[in-house]
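Visitor: I would like to learn how to read the features of a fold from its coordinates. Could we go through them one at a time?

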Amino acid sequence: MAAGVVRVTAVVVRDEHGHVLAVRKRGTTRFMQPGGKPEPGESPTDTGIRELREEIGLVLKPEELDSLGHFEAPAANEAGWVVSADVFVCTRLLSAAEAAAIAPAAEIEELLWMDPQRLSDYGVECAPLMVREILPRLGA
């Protein structure tokens, strides 16, 4: 039985080459999609927009987010917990210049543009939500 549930919004950001952005929070080891926990009264879309602006400096509009669905998976960084996530896909594929302008901020320590077909090539651990739920639905 899970110790608890962490509610989050996650956003899939892709570049024009089909790479998916993954981030690693400070003090953790696993990479995941950017996003985070909602503030009181905030919709999942608003959470995604705010978190991406704060975490990686990417400014999105609500119409650039398509819902991929709501999924649950073991939490990446909280042993025994489950993450319950509203997941969106950014419909805008970032140009090389836009992708290069993204930088870690707030609690994000590292970011990585990953080919979803070749995750094992990166030698990093990825969150269960990313591997079990998100990437398979993107056709990876």
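Visitor: Where should I look to judge how enclosed strand β2 is by the rest of the structure?

Guide: Begin with burial, where buried means under 20% relative accessible area, exposed over 50%, and partly exposed in between, computed with a 1.4 Å probe on protein chains only. In this predicted model, 5 of the 6 residues of β2 (residues 20-25) are buried, so the strand is largely enclosed by the rest of the structure. Strands and helices here are DSSP runs numbered from the N terminus, with E over at least two residues for a strand and H or I over at least four for a helix.

Visitor: What should I know about the source before going on?

Guide: Residues are numbered from 1 along each chain as its sequence is written, and side-chain values use heavy atoms, with hydrogens and water left out. Because this is a predicted model, local features need pLDDT of at least 70 and side-chain atom pairs count only at pLDDT 80 or more, whereas totals for chains, interfaces and linings use all residues.

Visitor: Which strand pairs with β2, and in what sense?

Guide: Strands of a sheet pair through backbone hydrogen bonds, either parallel or antiparallel. Two strands are taken to pair if DSSP finds at least two bridges between them. Here β2 and β7 (residues 108-114) pair in the antiparallel sense over 6 bridges, and the bridge partner of Ala22 in β7 is Leu112.

Visitor: What is the strand order in the open sheet, and which strands are at its edges?

Guide: The open sheet has 4 strands in the order β4-β1-β6-β5, with mixed pairing; its edge strands are β4 and β5 (65-74), each of which pairs on one side only. Between β1 and β4 the pairing is antiparallel over 2 bridges, with Gly36 of β4 as the bridge partner of Thr9.

Visitor: How many helices and strands does the chain have, and how is it judged for compactness?

Guide: The chain comes to 3 helices and 8 strands, running β-β-β-β-α-β-β-α-β-β-α from the N terminus on. Its radius of gyration, taken over C-alpha atoms, is compared with a globule rule of 2.2 Å times the number of residues to the power 0.38. The computed value is 14 Å, close to the 14 Å that the rule gives for 140 residues, so the chain is as compact as a globular protein of that length. Buried residues make up 44% of the 140 residues; in α3 they include Leu129 and Ile134.

Visitor: How much space lies in the largest pocket, and what lines it?

Guide: On a 1 Å grid over the protein atoms alone, a pocket is an open set of points where a 1.4 Å probe fits, with protein on both sides within 12 Å along at least five of seven lines, and lining residues have an atom within 4 Å of a point. About 360 Å³ of space lies in the largest pocket, and of its 23 lining residues the closest to the centre are Val8, Lys25, Met32, Glu78 and Val83. The largest share of the lining, 4 residues, comes from β1, while β4 (35-36) and α3 (128-137) are among the elements that supply at least two residues each.

Visitor: Why is Cys90 not bonded to Cys126?

Guide: A disulfide is a pair of cysteine sulfur atoms within 2.5 Å. The sulfur of Cys90 is 20 Å from the closest cysteine sulfur, in Cys126, which is too far for a bond, and the search of the whole structure finds 0 disulfides. Cys90 is buried, with a relative accessible area of 0%, and Cys126 is buried with 15%.

Conventions
Points joined across faces, edges and corners; volume = space filled by probe spheres on them.
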